[in-house]
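Biologist: I am new to this model. Please walk me through it, one question at a time.

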Amino acid sequence: MLSFKRDLLDEEAKEFSLDVFKIFNVQGEYSFLKVSKEFSDQLCKVYDLMEEEYQSQNHSLLIIKSLLKAFLLNIIRVKEHEFTMQDVNQKRVFEFMLLLEENYLHIRNTDFYADKIGISTKRLNQILKEKLQKTGLQLIHDRVILEAKRQIIHSDHTLKEIAYLLDFKEYPYFSRFFKQHTALTPEHFKKQANNHIALKANTLI
């Protein structure tokens, strides 16, 4: 498993950053991409170089960032090929997810996204249900919850600050929203995450 923070990416390269997004979070928290044995071996070579540099006592962040970019660019190439093979509705799903990433912090109604794509809200929900088994509103809420979890785990913000960053006017509303979708209060989730980090020394396994 390879985990990295967004600031390791070259944020000035807007097209690259957008392409990286295309790999992740297009169908929930994780995206599955099938690759050939040859391509897998190629990725492993880049990964091994990256790990070797990372474990080195005198490791170079610049080299690690360059190898990470090479690793991701290879995946992007496969993802783009996969995208060209998709049907029109799958492309609409992809367009919805890109729009969602850009707007979920402030716009949380499906009508906005359907209008941007150029189809009715009813049709968009039909497509999303067919492809992802969720409605537009459910996916919007999933994205908000994902960001809330990331902020709770990785940031130094207080829970009230996180609620504000996620455009909730009052903390109790954020707390109810979080519990409705996770069955945990933000406080309970934070406590669980901190205990997990203390026991496992990471946030993933």
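Modeller: We need one term before we begin: pLDDT is the predictor's confidence in each residue, from 0 to 100. The model is predicted.

Biologist: Which element of the protein chain has the lowest mean pLDDT, and which the highest?

Modeller: Take the whole chain to begin with: its mean pLDDT is 86, and 85% of its residues reach 70 or more. Among the elements, the highest mean, 97, belongs to helix 9. The lowest, 68, belongs to residues 14–23, which form helix 1. So the lowest is helix 1 and the highest is helix 9, by the per-residue confidence that pLDDT expresses.

Biologist: How many helices and how many strands does the protein chain have?

Modeller: Read along the sequence, the pattern is α-α-α-α-α-α-α-α-α-α. The count comes to 10 helices and 0 strands.

Biologist: What percentage of contacts between residues at least 6 apart in sequence join residues at least 24 apart?

Modeller: The protein chain has 205 residues, and 35% of them are buried. Among its contacts between residues at least 6 apart, the share joining residues at least 24 apart is 60%.

Biologist: Which helix gives the largest share of the largest nonpolar core?

Modeller: That core has 31 residues, and Phe 96, Leu 124 and Phe 174 have the most contacts inside it. At least two residues each come from helix 4, helix 5, helix 6, helix 7, helix 8 and helix 9. The largest share is 6 residues, and it comes from helix 7.

Biologist: How many residues are in the second, separate core?

Modeller: Its members include Phe 16, Leu 43, Ile 64 and Leu 72. The core is separate, and its residues number 14.

Biologist: How far apart are the end C-alpha atoms of helix 7?

Modeller: Helix 7 has 19 residues. At 1.5 Å a residue, it should span 27 Å. The distance in the model agrees with that: 27 Å.

Biologist: Is Asn 74 buried or exposed?

Modeller: Asn 74 sits in helix 3, residues 61–84. Beyond its neighbours within four places in sequence, it is in contact with Phe 39, Gln 42 and Leu 43. Its relative accessibility is 11%, and the cut-off is under 20%, so Asn 74 is buried.

Biologist: Which side chain makes a polar contact with the side chain of Asn 74?

Modeller: The two side chains come to 3.0 Å from each other. The partner is Arg 77.

Biologist: What is the relative accessible area of Lys 129?

Modeller: Lys 129 lies in helix 6. Leaving aside neighbours within four places in sequence, it is in contact with Lys 134 and Thr 135. Lys 129 counts as partly exposed because its value falls between 20% and 50%: it is 43%.

Biologist: Which backbone nitrogen does the side chain of Ser 155 reach?

Modeller: Ser 155 lies in the loop between helix 7 and helix 8. A polar atom of its side chain is 2.5 Å from the backbone oxygen of Gln 151. The side chain also reaches a backbone nitrogen at 3.3 Å, that of His 157.

Biologist: Which residues does Ser 155 touch, not counting those up to four places away in sequence?

Modeller: With those neighbours set aside, two names remain to be given. They are Arg 150 and Ile 162.

Conventions:
Residues are numbered from 1 along each chain as its sequence is written. This is a predicted model: local features need pLDDT of at least 70, side-chain atom pairs count only at pLDDT 80 or more; totals for chains, interfaces and linings use all residues. Side-chain values use heavy atoms; hydrogens and water are left out. A nonpolar core is a set of buried Ala, Val, Leu, Ile, Met, Phe, Trp, Tyr and Cys residues joined through side-chain atoms within 4.5 Å. Buried means under 20% relative accessible area, exposed over 50%, partly exposed in between (1.4 Å probe, protein chains only). Helices (H or I, at least four residues) and strands (E, at least two) are DSSP runs, numbered from the N terminus. Contact means heavy atoms within 4.5 Å. A polar contact is a pair of N or O atoms within 3.5 Å; within protein, one must be able to donate a hydrogen and the other to accept it, and residues adjacent in sequence count only if both atoms are side-chain atoms. The expected span of a helix is 1.5 Å times one less than its number of residues.
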